[in-house]
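Trainee: Could we go through this model together, one question at a time, with the terms explained as they come up?

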Number of protein chains: 2
Amino acid sequence: MPKPGPGLRLIDVAQRAGVSLATASRALSGRDGVSEEVADRVRQVSLEMGYVANPYARTLAGGASSTVGLVVHQVDDPYFSEIAGGVIQLAGEQSLLVQICHSGRDPSQELRQIRSLIAQRVGIIIVAGSGYSDPQVEASSREVLSLYERNGGRLAVIGRHSLSADAVLPDNEAGGFALGEHLIGLGHRNIAIVAGTAALTTVTDRMAGVAAAMRAHGLDPAAMPVLHTDFIREGGRVATEQILRDHPSTTAIIALNDAMAMGVLSALREHDIAVPARMSVVGFDDVSVAADLAPSLTTIRLPMTDMGRMALDLALKPRAARPRRRRTGHQLIVRDSTGPAA
Amino acid sequence: MPKPGPGLRLIDVAQRAGVSLATASRALSGRDGVSEEVADRVRQVSLEMGYVANPYARTLAGGASSTVGLVVHQVDDPYFSEIAGGVIQLAGEQSLLVQICHSGRDPSQELRQIRSLIAQRVGIIIVAGSGYSDPQVEASSREVLSLYERNGGRLAVIGRHSLSADAVLPDNEAGGFALGEHLIGLGHRNIAIVAGTAALTTVTDRMAGVAAAMRAHGLDPAAMPVLHTDFIREGGRVATEQILRDHPSTTAIIALNDAMAMGVLSALREHDIAVPARMSVVGFDDVSVAADLAPSLTTIRLPMTDMGRMALDLALKPRAARPRRRRTGHQLIVRDSTGPAA
DNA sequence: ACCGAGTACGAAAGCGCTTCCGAAAGCGCT
DNA sequence: AGCGCTTTCGGAAGCGCTTTCGTACTCGGT
């Protein structure tokens, strides 16, 4: 492992400015107890010499770490990369650094990553991604995180419910409802859901919204085929094959995220099934390519970049007595992948 | 700024294991001078207590920082997010953490980010993204980076030439050549290039390849319209408008990356110009959505994830006498966006 | 049984910073 | 002039770790 180069030390600056180490430290970190005149001189010298404090020493000595840990499922998934973009953006403005790691959609891996971040003593952790409906897993993850918070760490989660932490929550249920309404309004009655991993709360919430819409229109959600596969493109492909085979009367497919919707479209294309003439397809998230797909995708827009910013913003604020919830807006974007039922 | 919680200290583990601090340190870091028996006991106790070393203390005491800094233009650009995915993947396997920051395609911002990483004493820096053809900018960035390397920092760059650093280089010129050959082979003679930011070496290299292909077939590259805009989707749209207005005889458009190609396709769609019947379009990179576009995009595939891994791999190896170059393969992927010239 | 070489471990010195504490100096007041 | 109070600063003690150095002990050779 390479070793970073040596650097200017605070004592060098202090000597050059003709003050003690302690005074120099106070001057640079803006503590009071230093005359304006001396403080200015120290700052001046420090600037001239291009001094930058060693963050390891600073943190060790009881200062706070200035890096934020970000845990995402997978950074090359557009949903997460946009969230990460937002976090990095705001972090940059606040001159914080971002440690990023993958949980790979695996609860135990996620826990490992969080532990590692805590060990790194990062002061802020942002966990993006769905919660897991497995109570066992959630419990142990919750335990680690709440210990972290009790120790003074700041935590914010994106897109998952958390009892203790501040959270940024897309309105998954309302989004699902809007999708359901849209399709039912177009006359669709045989709607199938490509639902992704069953254990994710994101999935269950979005499904609940769709079910509510169906009930609101006198349809029976229980009759609706629900295909659980992976929450990625390939999952959409696989599920579509099953739908075509087992539920031939289906006229509309709701994929619970855009990645799976892309898989659905690609499978339909292979089977020469016209969209939306013979089958309507909707996604969820509105990742940036959704508009460029063939055909362009009707979906629910979530402000991913903002969600990243909001989460960091929450975490930067002092902790409130009760965990804060920030709900994001959502918007139905109607494009070319949906049309009237055949 | 929140403060990370306290933690178990090495001395706690040492006491519990009945050895001195020094011995415990040696045992856990695998140094020799400790009997197998004692070392085992210490490791056992450490595991039981869930001890994790404080990285700040460790680094301060002369150990090496175990985080790698990654500078990308923008993490929510698929090209960079896939590279980042590769870096994070390998870093995870080596239990390194990744600090990620945006340069936002701005040379001075990039330099600022690098400086900040150096100040953070990260031991490894990976810079992804194109070089800048502005010699002034390149010089000052080169100065900072070579100082960093002289001080023992490890550096690897992706997709840019560097005199001193190890580099992972896609074969931009050969890729450009392959695209040119493909279109010329389909009978296209009036080819326009959507080139993106003129100051990037990636752009100039890819253009050089296309030009070479034209010369090889007796065509004059100088006659070819070259549109310089931003290296993003919107740049492709703007450039396409210009092409349609100023170069109506064009039958094929080469976009020098997929993002711009998506812009080109979207502009053509608005103008109801059939692809590939009336206009062929190619991109470069083969980001994962390229296959799902309308129509699916002919492009040059670059192994982005691998490139990220390779860069970190290079940086982890001890420095060689001469900087190493690792050339990546490339592959022409023919899809539905290209066809014979009208 | 004695000596030099080797091995296993502990004591202690930092790494560069923050912060507590105490000394010195300046002030208004009696 | 003498008192207490505040302000400004320096000395020094850590933060938790790695690493050097020194000491006690073991062992093969004679």
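Trainee: Which residues in helix 2 of chain A are met by helix 1 of chain A?

Mentor: This is a predicted model, in which local features need pLDDT of at least 70 and side-chain atom pairs count only at pLDDT 80 or more, while totals for chains, interfaces and linings use all residues. Residues are numbered from 1 along each chain as its sequence is written, and chains are lettered from A and ligands numbered from 1 in the order in which they are written. Helices (H or I, at least four residues) and strands (E, at least two) are DSSP runs numbered from the N terminus, and a contact needs C-beta atoms, placed from the backbone, within 7 Å. From helix 1 of chain A come Leu10(A), Ile11(A), Val13(A), Ala14(A) and Ala17(A), and the residues they meet in helix 2 of chain A are Leu21(A), Thr23(A), Ala24(A) and Ser25(A).

Trainee: How do helix 1 and helix 2 of chain A lie to each other, roughly parallel or roughly perpendicular?

Mentor: Their axes, lines fitted to C-alpha atoms over the stretch in contact, are 9 Å apart and make an angle of about 100°, on a scale from 0 to 180 degrees between N-to-C directions. Angles under 35 degrees count as roughly parallel, over 145 as roughly antiparallel, 65 to 115 as roughly perpendicular and the rest as oblique. Helix 1 and helix 2 of chain A are therefore roughly perpendicular.

Trainee: Which helix gives the largest share of the surface near DNA strand C?

Mentor: A residue is near the strand if its C-beta atom, placed from the backbone, lies within 6 Å of it, and of the 30 residues around DNA strand C, those that come nearest include Leu10(A) and Ser25(A). Two or more residues each come from helix 1, helix 2 and helix 4 of chain A and from helix 2 of chain B. The largest share, five residues, belongs to helix 2 of chain A.

Trainee: In the open sheet of chain A, which are the edge strands?

Mentor: Two strands pair if DSSP finds at least two bridges between them, and strand 6 and strand 8 of chain A pair in the parallel sense over four bridges. The four strands of the sheet follow the order 7-6-8-9, with parallel pairing. The edge strands, each pairing on one side only, are strand 7 and strand 9 of chain A.

Trainee: Which residue in strand 8 of chain A is the bridge partner of Ala192(A)?

Mentor: Strand 6 of chain A covers residues 191-194, and strand 8 of chain A covers residues 252-255. In strand 8, the bridge partner of Ala192(A) is Ile253(A).

Definitions and conventions: Contact = placed C-beta atoms within 7 Å.
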